[in-house]
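User: Please take a close look at the enclosed cavities of this model. What lines the largest cavity?

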Amino acid sequence: MAQVLRIHGGARLEGTVAVGGGKNAAVAIIPAALLADSPSVIENLPDIEDVHVLIQMLRWLGAEVEFIGGVMTIDPRGVDKSNPPYELASKMRASYYLSPVLLGVFGHSAVPMPGGCDIGARPIDQTIKGMTTLGAKVDTLGGVINASADRLYGADIFLDMPSVGATVNSMLTAVSAEGYTQIHNAAKEPHIVDLANFLSAMGASVRGAGTDVIRIRGGRHLHGTNYAIIPDQIETGTLMIAAAATGGDVTITGAIPSHMESLSAKLLEMGVSVYCEDDLIRVRSGGSFRSVNVKTQGYPGFPTDLQQPLSTLLTVARGTSIVTETIFESRFRFMDELRRMGASIRVIETTAIITGVDQLVGARVNATDLRAGAAMVVAGLMASGVTDIGGVDYILRGYEKIDQKLNSLGAQIELIDV
Ligand code: EPU
């Protein structure tokens, strides 16, 4: 039996909601805990499918893992395998973060090529470059990342683009490499800084995370630690957009407003009020919006992961907006679903020209990937009538209790079997 998220649109969101822990920080930090020689306790983890898949993978490798109330204890001392199974690894993108971790622990690893959302080509050439620059031999024969090294040594890695995955994998290799590594043209996303802080708390020497060059003095003995991960930047942004889309008044707690500046700036440009204080973000909107142009970029630019929800809001903005997607070419596929709801959109290669309409109308639509799913939820909230969203698994992979959170603000969303 399939499930859909059914949304009765038109409800104004109002109230206070807490944001959960960062998915993309969690999926990097959990594998990193295997580099320690003692248990780690990681707090503020989101209770989402990707985290559960990682738990299964860690247990399969021999770790003891407990996960209760958002707090995970990972005891890596029993890890005795370096080849996680295809059935688990292929379920998510971040499984390949285990490749440098297990390489560091055992001197070899065999990790199936990663899965994850189908949002366009997701090559791993920069990860391979990072690992080989530090002395690993890497091939991908048989759909498996086979890595081995007698010795890893520090060196300068020059990434062709600031890839999040390649930056994470280069950092995770560098902490096991003797000597000094510099990762040039590194990604600067908040979850990169969070991973650096976690590694430092384990005893690693990591400097410069959040800038273009990350410097790591590797080969240190790493121990378990207690750590709380950052709030989810994309969940925060999705809630901000949902609040604006319904002409609502929503306060998001437990957030880091500085992570949201590129979105806040766009919302202000559209005529939405955004007020920040400490870990609070209050979003208020009268429900009418000016059109804006948006171009996705690495942090601190506008995140590709918020392009789809924001584009959805732009379908009802006055005038014409131009959205340029520079990171993942297939992240416009969801525009077909928006058209089913009455949106007026023309896509030319990596540019979407969105002409605002008065209102979207509820329809049966599909989540084509995780963030497209979030966009469909925003669309359903602001549409008239009923919207049924298929592809629910995508949404639940990355958003903790999204239906319950939005319902606590006055939305009418239910998960139903069809
Ligand atoms: N790229 C290459 N070669 C590489 C790596 C990347 O050409 O070796 C290109 C990609 O094709 C893409 C660009 O570089 O055009 C950026 O890709 P990046 O490596 O930064 O993305 P990723 O690590 O695969 C992470 C997030 C994504 C998020 C992107 C961009 C995780 C687990 N995933 O993916 O999150 O969209 O960074 O910020 O951190 C999501 O959460 O829904 C999601 C897809």
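Analyst: The cavities are described below, the largest one before the second largest. This is a predicted model, in which local features need pLDDT of at least 70 and side-chain atom pairs count only at pLDDT 80 or more, while totals for chains, interfaces and linings use all residues. Residues are numbered from 1 along each chain as its sequence is written, and side-chain values use heavy atoms, with hydrogens and water left out.

A cavity is a set of points, on a 1 Å grid over the protein atoms alone, where a 1.4 Å probe fits but cannot get out; lining residues have an atom within 4 Å of a point. Points are joined across faces, edges and corners, and a volume is the space filled by probe spheres set on them. Two cavities of 30 Å³ or more are counted.

The largest cavity holds about 90 Å³. Its lining consists of Gly-22, Lys-23, Asn-24, Ala-25, Pro-190, His-191, Ile-230, Pro-231, Asp-232, Gln-233, Ile-234 and Arg-371. Two or more of these residues come from each of helix 1 (23-32), helix 7 (190-201) and helix 8 (233-245), helices being DSSP runs (H or I, at least four residues) numbered from the N terminus. Helix 1 contributes the most, three residues. Domain 1 (3-19 + 231-417) and domain 2 (23-228) each supply at least three lining residues, with bounds taken from an automatic or database domain assignment.

By class, this lining has five nonpolar, four polar and three charged residues. Ala, Val, Leu, Ile, Met, Phe, Trp, Tyr, Cys and Pro count as nonpolar, Asp, Glu, Lys and Arg as charged, and the others, Gly among them, as polar.

The second largest cavity has about 30 Å³. Residues lining this second cavity include Gly-20, Pro-46, Asp-232 and Tyr-399.

How values were computed. On a 1 Å grid over the protein atoms alone, a cavity is a set of points where a 1.4 Å probe fits but cannot get out, and a pocket is an open set with protein on both sides within 12 Å along at least five of seven lines; lining residues have an atom within 4 Å of a point.
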